[in-house]
Amino acid sequence: MKFFIDTANLAQIKEAEDMGILDGVTTNPSLMAKEGITGTDNILKHYVKICNLVEGDVSAEVISTDFEGMVKEGEALAELHEQIVVKLPMIKDGIKACKYFSDRGIRTNVTLVFSPGQALLAAKAGATYVSPFIGRLDDISTDGLNLIAEIRHIYDNYAFDTQILAASVRHTMHVIDCAKLGADVMTGPLSSIEGLLKHPLTDIGLAKFLEDYKKGN
C-alpha cells in the first residue's frame, strides 16, 4: 500500500518524508488556502516546492469545470514537474479531460468519487488514480469503506490498471481498514500515519527494557 499525505504544509510533508515511508502527496485548493497560499503563481510555485521535497507523485488539482479549461490548466500543471499528476473532478467534462490526458501519457487522478459507477467511468477513461472520499461518506452516515470494497471488486473483475486512492482518510483505523480491503493508496493527514506507530504495549515494553538496563548499568 502506498502512503500519500494530504496537505500543502511543507513541514508536515518533510516530516513524513523523513520517516522513509512516504510515496506521494495530494493537495487541493482548500489545503492551499489553509496554508495561506493564494494566487495562481504562488500556487504553482508551491507545487514545485512539494515535488522537490518528495520522490513520488504529487496530485495538483485543476480549478476549471469545463473541458477546455481543464485541458489548459492540466497541461500547464503537467509541465511544472515530471512528478505532477493532474487532479480532475468527477464530472462529465472531467471524464473527457481524463481520456484526453491518458491518451497523451499525462497521468491523472479523478477526485470527488462517491459511487462505484463513478469509479468505473474513471477507469474506463484511463485514470491513473481514482479518489473515493471515504471520510465524507462516513460524515453522512454512509459506509465509506464499503465503497472501497465495491470498487476493488469491479476493478479486479476487469483488470483495470487504475489505482484506488482512498481519500478523505480521517484516522488510523481508516488506514488499516483500507489496507485490508486492498486499496492501492491511502491519503490522509500526518496524524493518521503516525497513529500506526502507537500501541500501549510498545510503550510499556520499552519503558521496562530501559528500566532494566538502568538497573544493571
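1. Leaving aside its neighbours within four places in sequence, which residues is Ser168 in contact with? In this predicted model, the contacts that Ser168 makes beyond that window are with Phe133, Ile134, Gly135, Arg136, His174 and Thr187. The residue itself sits in the loop between strand S7 (163-166) and helix H9 (172-181), and its relative accessible area of 12% places Ser168 among the buried positions.

2. Two further features of Ser168 deserve a look when the loop is inspected. Its backbone has a positive phi of about 55°, although Ser168 is not a glycine, and its side chain makes a polar contact with the side chain of Arg170 at 3.4 Å.

3. A positive phi of about 55° is also found at Ala159, which is likewise not a glycine. Ala159 belongs to the loop between H8 and S7, and with a relative accessibility of 60% Ala159 counts as exposed, whereas Ser168 is buried at 12%. A colleague checking backbone geometry may therefore wish to read the two sites with their surroundings in mind, given that Ala159 is exposed at 60% and Ser168 is buried at 12%.

4. Turning to charge pairing, side chains of opposite charge can pair when their charged atoms come close. The count of salt bridges in the model comes to nine, and three of the pairs are taken up in the points that follow.

5. Asp18 and Lys14 form a salt bridge in which the closest N and O atoms are 2.9 Å apart. Both residues belong to helix H1 (residues 10-18), where a spacing of four residues corresponds to about one turn of the helix. As for solvent exposure, Asp18 is exposed, with a relative accessible area of 54%, while Lys14, at 43% relative accessibility, counts as partly exposed.

6. What is the setting of the salt bridge between Glu61 and Lys87, whose side chains meet at 3.8 Å, N to O? Glu61 lies in strand S3 (residues 57-61) and Lys87 in strand S4 (residues 84-89), so this pair ties together parts that are 26 residues apart in sequence. Both partners are on the buried side of the classification, for Glu61 counts as buried at 16% relative accessibility, and Lys87 is buried with a relative accessible area of 5%.

7. The side chains of Asp156 and Arg152 meet in a salt bridge at 3.2 Å, N to O. These two residues are four apart in helix H8 (residues 144-158), and are thus separated by about one helical turn. Arg152 counts as buried, at 14% relative accessibility. Salt bridges with shared partners join Arg152, Asp156 and Asp184 into one network, so that the helical pair should be read together with Asp184 when this part of the model is examined.

8. The largest pocket has a volume of about 490 Å³. Of the 26 residues that line this pocket, Asp6, Asn28, Ser30, Leu31 and Arg136 are the closest to its centre; Arg136 is also one of the residues in contact with Ser168. Two or more lining residues come from each of helix H2 (29-34), strand S5 (108-113) and strand S8 (185-188), and H2 gives the most, with four residues. By class, the lining of the largest pocket divides into eight nonpolar, eleven polar and seven charged residues.

9. The second largest pocket has a volume of about 240 Å³. Its lining consists of Pro29, Met32, Thr40, Ile43, Leu44, Tyr47, Glu61, Ile63, Glu73, Ala76 and Leu77. Glu61 therefore appears here as a lining residue as well as in the salt bridge with Lys87. The elements that give two or more residues to this lining are H2, helix H3 (40-53) and helix H4 (67-80), with H3 giving the most, at four residues. By class, the lining of the second largest pocket has eight nonpolar, one polar and two charged residues.

Note on methods
Residues numbered from 1 in each chain as written. Predicted model: local features only at pLDDT ≥ 70, side-chain atom pairs only at ≥ 80, totals over all residues. Heavy atoms only, no water. Salt bridge = Lys/Arg side-chain N within 4 Å of Asp/Glu carboxyl O. Buried < 20%, exposed > 50% of the residue type's maximum accessible area, 1.4 Å probe, protein only. 1 Å grid on protein atoms, 1.4 Å probe; cavity = no way out; pocket = protein on both sides within 12 Å on 5 of 7 lines; lining within 4 Å. Points joined across faces, edges and corners; volume = space filled by probe spheres on them. Nonpolar A, V, L, I, M, F, W, Y, C, P; charged D, E, K, R; others polar. Polar contact = N/O pair within 3.5 Å; in protein donor to acceptor, adjacent residues only side chain to side chain. Contact = heavy atoms within 4.5 Å.
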